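Colleague: Could you take a close look at one part of this model for me, and describe how it sits among its neighbours?

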Amino acid sequence: MKYYNTFIYATGIFRNLIFERKQDLVKLFNDQFDLHFNIISHGIENYYLTKAMENDYNGKKVLIINMGGKTTELVTFVGARIIDTKNLKLGVADLLNHFDRVNEEYSGNTVEEMEDFVKVQLGDFSLDTDYDCAIFTGGEERFELLTGFHLVENTLFHDNIHKYMLSLEDYVKGTERVFYKVSLKELYELMPFNPKWMDGARSGAIIPLVLFKMANVKWIIPSDLNLINGVVNDLK
């Protein structure tokens, strides 16, 4: 990796650092690696998310949910047109910090109590209730395939990327199974090259679940796309 051919994009957690800590971190990183450490704004993160998710969606109204550690980005497409974007200052780290039993061998925290926490954090936030589907990004397809969610063929649109969909009912059942029936050890074993990714698996299901219910979504499309796909598309 060299300065001229390497792009680094840091998001939510890094944006929340105090100014002096950001300065120290960027200087330390640049001095150690001679690479530019770029903490991007929420607006730029939204831009790259929309570039990653560009599609005509067969004319459907689609809610895109991209969740990170401290923020969640929402983009609404109708067909190929973006009609709305929203940013939430809430992410999986907030749940991990608040619920200290969720990563016991079988979760000591319930899906319901974590949903209630998210609802309180969202306050009077609202969404439209006429979406045809929601796409949940960031490795979700891989996760749901590994953990045995009930996926069926995506018949809503065809982009040669998003092959699967599942009902809200099956998303709830799959989430409950990961909380109560699949041990943390088993989750780690499903991803041997990066087992600690699974530390966010249970908590990471909850914010989208609340948003799915809020938006009255019937079908969910799991996606492995993320911000980096948008960066690549933008550089083409």
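Modeller: Strands β4 and β5 form a hairpin with 2 residues between them, and Gly79 in that turn has a positive phi of about 65 degrees; strands here are DSSP runs of E with at least two residues, numbered from the N terminus. This is a predicted model, in which local features need pLDDT of at least 70 and side-chain atom pairs count only at pLDDT 80 or more, whereas totals for chains, interfaces and linings use all residues. Residues are numbered from 1 along each chain as its sequence is written, and side-chain values use heavy atoms, with hydrogens and water left out.

The two strands of this hairpin, β4 and β5 (residues 81-88), run antiparallel and are joined by 7 bridges, with Lys86 in β5 as the bridge partner of Leu74; pairing requires that DSSP finds at least two bridges between two strands. Strand β3 (residues 61-67) is also joined to β4 by 7 bridges and runs antiparallel to it, the bridge partner of Lys61 being Val78 in β4, and β3 and β4 likewise form a hairpin, with 4 residues between them.

Of the 7 residues of β4 (residues 72-78), 6 are buried, so this strand is largely enclosed by the rest of the structure; buried means under 20% relative accessible area, computed with a 1.4 Å probe on protein chains only. In the wider arrangement, 7 strands form an open sheet of mixed pairing in the order β5-β4-β3-β6-β9-β8-β7, where β5 and β7 (152-153) are the edge strands, each pairing on one side only.

Terms used:
Buried < 20%, exposed > 50% of the residue type's maximum accessible area, 1.4 Å probe, protein only.
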